[in-house]
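The following exercises are to be worked with the sequence and the coordinates at hand. Each task is followed by a solution in steps.

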Amino acid sequence: MAVNDVLQPDSHRNTGSGRHILVIRLSAMGDVAMTVPVLLALTQTYPDLKVTVLTRAFFHPMFRDISNVAIHGADVAGHHKGIMGLWKLFAELKALQPDGVADLHNVLRSNVLKPFFKASGIPFVQVDKGRPQKRALTAARGKAIAPLETSHERYAAVFGKLGFPISLKLVKLLPRLPLSETITSLAGQRALKWIGIAPFAAFEGKTYPPALMEEVIDQLAASDKYTIFLLGGGPEEGRKLADWEGRWPHCIAIPGKFNFGDELGLISNLDLMVSMDSGNGHLAAMFGIPTITLWGVTHPYAGFAPFAADPENSLLADRQKFPLIPTSVYGNKLPEGYQKAMETIRPEAILRKIDAVLYAEGYSIR
């Protein structure tokens, strides 16, 4: 990294006064959600630092309660599409007068933007994704199973290289949000513990078998101790969740009923989230909600566990039966015979973990 890639210290470094950092993070919801605890640590350490996040406008509600953070919406399918579109985007971003750029994405689009900023003398630091280490972790032969640096730690390192070192240990996460009338009218009076279940993921190898998840929901509903909120999924998954809603009492399917801001408000008020290796687990972690994650052909050692997650709350497929796990970082590689890897996480193990988390000594509804 060149010397001018570091913002030089000044007398206001302890607060970030007068400085402006542009943060680039496009991509999927979970990837963007993972930036939130890091930006909270950044703005809490440097309360006068101005931050602009380049991301999809849809994700704005994630950042609305972080001091001094603004969103610049990227329309990569329209106005900002292609090389000319990225040049237009650069012109918009340069007009914001950032002092440095933290590229937390490091993909083709941000690599196109990089020389534009560098030519303008604006420091541009990219995240080290640890690709060689991840290739070794997911190799078919000779893999060494050991935890890699987390995505949150990798993001934090970018700000350190820009001259804003931060610690993730003492970050104060987002507070519980007020519940909208839409949510309260649907959920009714809060007499039971609230559990969120996000049963789907982008790939089959990360999705818990629906028949087994039905066993989990059946036992939870039979206890009459919980209101169960079913989250996530596209149109086909939404129909499945609507079917489950009709089968069990105190079971509410969320898709299509709330806007994204209301959904975040609901998540912030949960007592527990049960999620795949997917975005809803990261949304819950932004608010410090206890989160149980289920892992199929992926593995938390790749660095994508929810922020500050208790490793004991990651339920893993049996690697003795399926030794190639993790088969990939994102779950998009499903070797022959690995379709049943997630079945080794038994419903009773999930139910025991839910009990252990919700009824641990000292636990209380916030």
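**Exercise 1.** In which helix is H152 found? Determine also whether H152 is buried or exposed, and list its contacts beyond the sequence neighbourhood.

*Solution.* The model is a predicted one. H152 belongs to helix α7, which spans residues 151-161. The relative accessible area of H152 is 4%. Buried means under 20%, so H152 is buried. Setting aside residues up to four places away in sequence, H152 touches M34, P37, V38, L168, A305, P306 and F307. Two of these names, P37 and V38, recur among the buried residues of α2, the subject of the next exercise.

**Exercise 2.** Why is helix α2 described as largely enclosed by the rest of the structure?

*Solution.* Helix α2 covers residues 35-45. Its buried residues are T35, V36, P37, V38, L39, L40, A41, L42 and T43. Because 9 of the 11 residues of α2 are thus buried, the helix is largely enclosed by the rest of the structure.

**Exercise 3.** Classify the packing of helices α9 and α13 by angle, and state which residues make the contact.

*Solution.* Helix α9 comprises residues 210-223 and helix α13 residues 347-358. They pack at an angle of about 40°, and their axes are 9 Å apart. Angles under 35 degrees would count as roughly parallel and those from 65 to 115 as roughly perpendicular; α9 and α13 are therefore oblique to each other. Their crossing is right-handed. On the α9 side, the contact is made by L212, E215, V216, Q219 and L220; on the α13 side, by P347, I350, L351 and I354. By class, the residues of this contact comprise 7 nonpolar, 1 polar and 1 charged.

**Exercise 4.** How many aromatic pairs does the structure hold? Characterise the pair W87 and F90, then the pair W194 and F229.

*Solution.* The structure holds 11 aromatic pairs. In the pair of W87 and F90, the ring centres are 5.4 Å apart and the planes stand at 40°, so the pair is tilted. Both residues lie in helix α4 (residues 82-94); being 3 residues apart, they are separated by about one helical turn. W87 is partly exposed, at 43% relative accessible area, whereas F90 is buried, at 4%.

W194 and F229 form an edge-to-face pair, with 4.9 Å from centre to centre and 65° between the planes. This pair links distant parts of the chain, since W194 is in strand β6 (residues 193-198) and F229 in strand β7 (residues 226-230), 35 residues apart. Both W194 and F229 are buried.

As a last step, W87 and F90 can be placed in a wider group: together with F116, F117 and F124 they form one aromatic cluster.

**Exercise 5.** Where do K206 and E149 lie, and which residues does each touch?

*Solution.* K206 lies in the loop between β6 and α9. Its relative accessibility of 10% makes K206 count as buried. Beyond four places in sequence, K206 touches A201, M276, D277, T298, Y330, G331 and M342. K206 and G331 are 125 residues apart in sequence, yet 6.0 Å apart in space, C-alpha to C-alpha.

E149 lies in the loop between α6 (131-137) and α7. With a relative accessible area of 38%, E149 is partly exposed. Outside the four nearest places in sequence, E149 is in contact with R154, A302 and G303. The C-alpha atoms of E149 and Y301 are separated by 8.2 Å, although their positions lie 152 residues apart along the chain as a separation in sequence.

How values were computed:
Residues are numbered from 1 along each chain as its sequence is written. This is a predicted model: local features need pLDDT of at least 70, side-chain atom pairs count only at pLDDT 80 or more; totals for chains, interfaces and linings use all residues. Side-chain values use heavy atoms; hydrogens and water are left out. Buried means under 20% relative accessible area, exposed over 50%, partly exposed in between (1.4 Å probe, protein chains only). Helices (H or I, at least four residues) and strands (E, at least two) are DSSP runs, numbered from the N terminus. Contact means heavy atoms within 4.5 Å. Axes are lines fitted to C-alpha atoms, for helices over the stretch in contact, and angles run from 0 to 180 degrees between N-to-C directions. Angles under 35 degrees count as roughly parallel, over 145 as roughly antiparallel, 65 to 115 as roughly perpendicular and the rest as oblique. A crossing is left-handed if the near helix is turned anticlockwise from the far one by less than a right angle, and right-handed if clockwise. Ala, Val, Leu, Ile, Met, Phe, Trp, Tyr, Cys and Pro count as nonpolar, Asp, Glu, Lys and Arg as charged, and the others, Gly among them, as polar. Rings of Phe, Tyr and Trp (its six-membered ring) pair if their centres lie within 6.5 Å; planes under 30 degrees apart count as stacked, over 60 as edge-to-face and the rest as tilted.
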